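Good morning, and thank you for coming. Please take a moment to look at the sequence and the model on the screen before I begin.

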Amino acid sequence: MSLGQLKRLAEPAGGVRPSFSFYHVYVALMSLYREAPLGRMALARRLLLGEASVKTLVRRMRDEGIVEVDRVAGVFLTRRGLELVDYLRRLMDLMGPLELGPVCGGCTAYGVVLR
């Protein structure tokens, strides 16, 4: 799966624009990599999305062969999903938390290094 194919997971299907973005796809993949299996509600909390949006995202990822769903355990990455995460980890490095101190009133930020 290419990065373009992965981005299409967050594109409109049938004229309806999903409430999630490529960012949510990325966070979902990384969360599943680190903590799988995860139920939809746990994934919704991590993504700050509603359960219906997560259900749509999981269905799209399942249709692409990236995840499988176990009714009891939850969502987990397939071999293809693990290969995709490995590709993303070679492509991007997350930096953070970055303490910005007085620049933004003590907020915390994150950065991404792309190769």
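**Helix α4 and the nonpolar core**

The buried residues of α4 pack against α1 (3–8), α2 (22–35), α3 (40–47), β1 (67–70) and β2 (74–77). Here, contact means heavy atoms within 4.5 Å, and buried means under 20% relative accessible area, exposed over 50% and partly exposed in between, with a 1.4 Å probe and protein chains only. Helices (H or I, at least four residues) and strands (E, at least two) are DSSP runs, numbered from the N terminus.

This is a predicted model, in which local features need pLDDT of at least 70 and side-chain atom pairs count only at pLDDT 80 or more, while totals for chains, interfaces and linings use all residues. Residues are numbered from 1 along each chain as its sequence is written, and side-chain values use heavy atoms, leaving out hydrogens and water.

Which residues of α4 are buried? They are S53, V54, L57, V58, R60 and M61. Seen down the helix axis, the buried residues of α4 fall within an arc of 160 degrees, taken from the directions from the axis to the C-beta atoms, so they line one face of the helix. On the other side of α4, A52 and D63 are exposed. Just after α4, G65 takes a positive phi of about 80 degrees.

I turn now to the core. The largest nonpolar core, a set of buried Ala, Val, Leu, Ile, Met, Phe, Trp, Tyr and Cys residues joined through side-chain atoms within 4.5 Å, has 30 residues. Among those with the most contacts inside it are L29 and M61. α2 gives the most to this core, with seven residues. L29 touches M61, and also L6, I66, L77, L84, V85 and L88, not counting residues up to four places away in sequence.
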